[in-house]
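Q: I'm new to reading protein structures. Could you walk me through one, feature by feature?

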Amino acid sequence: MASEWMIYGAYGYTGELIAREAVVRGLTPILAGRDEARLIPLAAELGLDARAFPLSDAARLDEGLRDVAVVLHCAGPFSQTAAPMLAACLRTGTHYLDITGEIDVLERAYSLDEKAQQAGIVICPAVGFDVVPTDCVAATLAAALPGATHLRLGFDTRSALSPGTAKTTVEGAVGGTRVRRNGRLARIPMGSLTRTVDFGVGEKLAVAIPWGDVASAYRTTGIPDIEVYLPTSRSQIRGLRLTEIARPVLKLGAVQRVLQNRAGSRPGPSPETRAKRPMHVWGEVTAPGERRVARITTANGYDLTVSASLPVVVRLLSEGYAESGARTPSQLMGADYVTTLPGSSEMVLTES
């Protein structure tokens, strides 16, 4: 059985954070990506092996994974990169992890459950900030109120975006907001669904966003109606509604290229900035006449992605690990997983 593991997209903002922390923890990933000029200096600095290959060449991709037991895929936008990596993992018998939060990517990954079982691999997308904290909150709430019909999740963070996340946000804006209704994904106009939420630091106006939990939390809990919220302002809501009007223009390839190039030029948040901006996560489930609420504070989303993803790798590498199929983070690591991560508080569960 292969014993090596790989970070693909290791020279991206989050990929590099994970690579550096892996070395601190005594782990020795193979660093990989398509840009050899960016890859080799990082691998040399960290004393790690490197493999440069594109995702567009199936033969080279399979060769790159030839002795790899687990790949942690960090190269976005995952709407473009996840499908070829997933296909290669199924061909080569390599466990697949990623750090996406893209709804369609999650749905595709979960649709491969039977094929993953046949290949003897685990497919577990979103093993970082997207969506470990909210997925654990969802699992905790579902256990606290069996038979819940509505699940609402959200998080409050003022962290700046990395270049990759910014590009994904630009790409996702053209799809509008997505929620789950009666077990099915549904699109609603951006800025059209708002409410007041206490994320743990006082009540704030919040708006529904197209977040990965409408896929992952549904797979975790089976609750048919799911929404995800982010704090906002009335001016930002007006901006979202204008974006909705401009969607036909934003979909144009030339416009997307300009916007993504601008988004990708931003630097990611510094360690000092990340340390000052933790994340407050909230969730509620309701059933007729009943309600449960959960809250937890965690480290900044990027730091949490680093600390959450590496133990999942270690678990899949562990001797005798034999599970297979598509999993959510809480299904693979347990509903309390987020509480074990550095910077996390205890989860507080209340009734009302």
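Q: Leaving aside its neighbours within four places in sequence, which residues is Ser330 in contact with?
A: Before we start, keep in mind that this is a predicted model. The general idea with contacts is to skip the chain neighbours and look at what else is there. For Ser330, skipping those within four places in sequence, the contacts are Asp135, Cys136, Ala139, Thr220 and Ala335. Ser330 itself sits in helix H15, residues 329–333.

Q: Is Ser330 buried or exposed?
A: Here you look at relative accessibility and compare it with a cut-off: under 20% is buried. Ser330 comes out at 7%, so it counts as buried.

Q: One of those contacts was Thr220. Which residues of helix H9 are buried?
A: H9 covers residues 213–221, and its buried residues are Asp213, Val214, Ala215, Ser216, Ala217 and Thr220. So that you can read such lists: an α-helix has 3.6 residues a turn, so residues three or four places apart point the same way. After H9 comes Gly222, with a positive phi near 75 degrees.

Q: What about Leu240, and which residues is it in contact with?
A: Leu240 belongs to helix H10, residues 234–245. Its relative accessible area is 21%, so it is partly exposed. Beyond its neighbours within four places in sequence, Leu240 touches Met190, Gly191 and Val207. Take Met190: it is 50 residues away along the chain, yet the two C-alpha atoms are separated by 5.5 Å.

Q: How do I describe two helices, say H1 and H2?
A: Two packed helices are described by the angle between their axes and the distance between the axes. Here the axes of H1 (residues 13–24) and H2 (residues 36–46) come within 11 Å and cross at roughly 20 degrees. Angles under 35 degrees count as roughly parallel, so H1 is roughly parallel to H2. The crossing is right-handed. H1 brings Glu16, Ala19, Arg20 and Val23 to the contact, while H2 brings Leu42, Glu45 and Leu46. Sorted by class, that contact has four nonpolar, three charged and no polar residues.

Q: And the sheet: what is the order of its strands?
A: Strands of a sheet pair through backbone hydrogen bonds, either parallel or antiparallel. This sheet is open, has seven strands in the order E3-E2-E1-E4-E5-E6-E15, and its pairing is parallel. At the edges are E3 (50–52) and E15 (325–326), each pairing on one side only.

Q: How many bridges join E1 to E2?
A: Three bridges link E1 (residues 4–8) with E2 (residues 30–33), and the two strands run parallel. For a spot to find on screen, try Met6, whose bridge partner in E2 is Ile30.

How values were computed:
Residues are numbered from 1 along each chain as its sequence is written. This is a predicted model: local features need pLDDT of at least 70, side-chain atom pairs count only at pLDDT 80 or more; totals for chains, interfaces and linings use all residues. Side-chain values use heavy atoms; hydrogens and water are left out. Two strands pair if DSSP finds at least two bridges between them. Helices (H or I, at least four residues) and strands (E, at least two) are DSSP runs, numbered from the N terminus. Axes are lines fitted to C-alpha atoms, for helices over the stretch in contact, and angles run from 0 to 180 degrees between N-to-C directions. Angles under 35 degrees count as roughly parallel, over 145 as roughly antiparallel, 65 to 115 as roughly perpendicular and the rest as oblique. A crossing is left-handed if the near helix is turned anticlockwise from the far one by less than a right angle, and right-handed if clockwise. Contact means heavy atoms within 4.5 Å. Ala, Val, Leu, Ile, Met, Phe, Trp, Tyr, Cys and Pro count as nonpolar, Asp, Glu, Lys and Arg as charged, and the others, Gly among them, as polar. Buried means under 20% relative accessible area, exposed over 50%, partly exposed in between (1.4 Å probe, protein chains only).
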